[in-house]
Amino acid sequence: MKTDKSHYLLTLGLLMVFVVFGILFINGCTPSKEVAAKTGVQLWGENCQRCHNTPSPSTYSPEQWETVGMHMQTRALITENEKNKIVDFLKTTH
């Protein structure tokens, strides 16, 4: 009887863990509609200026902005889509 109760509790515990991780995985990987709707200029202001004064878009060439974007994506913990929007904005205002 003790084994049946332990088995039941273990199964219930594992099920709860899977449910929690499933919810976190689904919610953590999908950007909210609000974030997805933001423009490159909005993301640039919110993400880049929180840590330092951002340079003018004309400071770097479009190719250099690509490199800066890749570097800053890992530093600022932004998604690939967010990085692309920011870099596209910087390249078009160059």
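This is a short dialogue on reading one helix and the aromatic pairs in a predicted model.

Colleague: What should I know about the numbering and the filters?

Modeller: Residues are numbered from 1 along each chain as its sequence is written. The model is predicted, so local features need pLDDT of at least 70 and side-chain atom pairs count only at pLDDT 80 or more, while totals for chains, interfaces and linings use all residues; side-chain values use heavy atoms, without hydrogens and water.

Colleague: What span should helix H4 have?

Modeller: Helices are DSSP runs of H or I with at least four residues, numbered from the N terminus. The expected span is 1.5 Å times one less than the number of residues. H4 covers residues 62-76, 15 residues, so 21 Å is expected; its end C-alpha atoms lie 20 Å apart, which agrees. Just after H4, Leu77 has a positive phi of about 55°.

Colleague: Which residues of H4 are buried?

Modeller: Buried means under 20% relative accessible area, exposed over 50%, and partly exposed in between, with a 1.4 Å probe and protein chains only. In H4 the buried residues are Trp65, Gly69, Gln73 and Ala76.

Colleague: How many aromatic pairs are there?

Modeller: Rings of Phe, Tyr and Trp (its six-membered ring) pair if their centres lie within 6.5 Å; planes under 30 degrees apart are stacked, over 60 edge-to-face, the rest tilted. The count is two. Trp44 and Phe89 have ring centres 5.3 Å apart and planes at 50°, so this pair is tilted. Trp44 lies in helix H3 and Phe89 in helix H5, so the pair ties together parts 45 residues apart in sequence. Tyr60 and Trp65 form an edge-to-face pair, 5.0 Å centre to centre with 85° between the planes.

Technical notes
Helices (H or I, at least four residues) and strands (E, at least two) are DSSP runs, numbered from the N terminus.
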